[in-house]
Number of protein chains: 2
Amino acid sequence: MSAATATKAKSASAASGRGEPPRPQIRIMFRKAIAMGPGKADLLRAIEQTGSISAAARALGMSYRRAWLLVDTMNQCFKAPLVETLTGGQKGGGAQITDLGQEVLSRYLEMEAKATASVQRDLAEFTRLMAVR
Amino acid sequence: MSAATATKAKSASAASGRGEPPRPQIRIMFRKAIAMGPGKADLLRAIEQTGSISAAARALGMSYRRAWLLVDTMNQCFKAPLVETLTGGQKGGGAQITDLGQEVLSRYLEMEAKATASVQRDLAEFTRLMAVR
């Protein structure tokens, strides 16, 4: 990325996305489902930070139902659950990432970084074809 | 991929997806939109093969409205249209991929291949964490 592009991206409002360069995303498909992708990775991190599915959903501006469905898909795609819900106790419920969830998340982030790095040069060429103004 | 996994993937029915190994997909995001991804790449190829948006939509089992919206998004994300609709003439309508569309498609497929190759080893490890039966 050139210094000019980096500055442009930084100064662009995240809400409007104007001036943002194109960016690659990677998803890991399993059968017909997205086992892991940017949305599910964000949700795992938010559950880790907030300690609950509902608080994570609120933090990401998604419905509790949607967050729950994403968690359910992840839990079914892997050999054991990535998110564990806790019932009762002092905090009355809540959720946490399992060790497998941590491993899946860190391996996904690593693959995402490698995939992004592998297309950096191509992406610069691709950007010239886009409606970047 | 091990020989056993490859055989398993080959013999699996595409419809059920059972025994299919996880696979990566790459999407190029531009602002809030998917400028190019597996679905749009398939649509471009189908338009190229069928010569029309409606025939391409039918071939992919999607509604004409959805195909049209995907084409519209692509056309707006790039500096010029990727798909051109033809009015009148002997064929009465129809659509074709522009030179820019061809270039975008081939550059995307190249990035997809590179990204996939870059995570091949990680993906094998990742697969061991999945509910592959």
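In the hairpin formed by β1(A) and β2(A), just 2 residues sit between the strands, and Arg31(A) takes a positive phi near 50°. This, like everything that follows, is read from a predicted model. The two arms of the hairpin run antiparallel and are joined by 3 bridges, with β2(A) spanning residues 33–36. One of the pairings puts Met29(A) opposite Ile34(A), its bridge partner in β2(A).

Strand β1(A) itself covers residues 23–30, and 7 of its 8 residues are buried, so by the under-20% cut-off on relative accessible area the strand is mostly covered. Besides its hairpin partner, β1(A) has a partner in the other chain: β1(B), also residues 23–30, pairs with β1(A) in the antiparallel sense over 7 bridges. Two of the positions in this pairing can be picked out by name. Ile26(A) has Ile26(B) as its bridge partner, while Ile28(A) is bridged to Pro24(B). As for the side chains, in a regular strand they alternate between the two faces of the sheet.

The strand pairing belongs to a wider contact between the chains. Chain A puts 44 residues into the contact, and chain B likewise puts in 44 residues. Between them, about 4100 Å² of area is buried, with carbon and sulfur atoms giving 59% of that. On the chain B side, the residues that lose the most area to chain A are Arg31(B), Phe126(B) and Leu129(B), which together make up 20% of what that side buries.

Charged and polar pairs also turn up across the interface. Chains A and B share 4 salt bridges. In one salt bridge, the side chain of Asp122(A) meets that of Lys114(B), at 3.0 Å from N to O. Counting polar contacts with both residues at pLDDT 80 or more gives 10 residue pairs between the two chains.

Several elements of chain B help build the side that touches chain A: β1, β2 (33–36), α4 (64–77), α5 (99–118) and α6 (120–127) each supply at least two residues. Of the chain B side, the largest share comes from α5(B), with 10 residues. Sorted by type, the residues on this side of chain B come out as 24 nonpolar, 15 charged and 5 polar.

Methods:
Residues numbered from 1 in each chain as written. Chains lettered and ligands numbered in written order. Predicted model: local features only at pLDDT ≥ 70, side-chain atom pairs only at ≥ 80, totals over all residues. Heavy atoms only, no water. Buried < 20%, exposed > 50% of the residue type's maximum accessible area, 1.4 Å probe, protein only. Helix = DSSP H or I, 4+ residues; strand = E, 2+ residues; numbered from the N terminus. Pairing = 2+ DSSP bridges. Contact = heavy atoms within 4.5 Å. Buried area = accessible area lost by both parts, 1.4 Å probe. Polar contact = N/O pair within 3.5 Å; in protein donor to acceptor, adjacent residues only side chain to side chain. Nonpolar A, V, L, I, M, F, W, Y, C, P; charged D, E, K, R; others polar.
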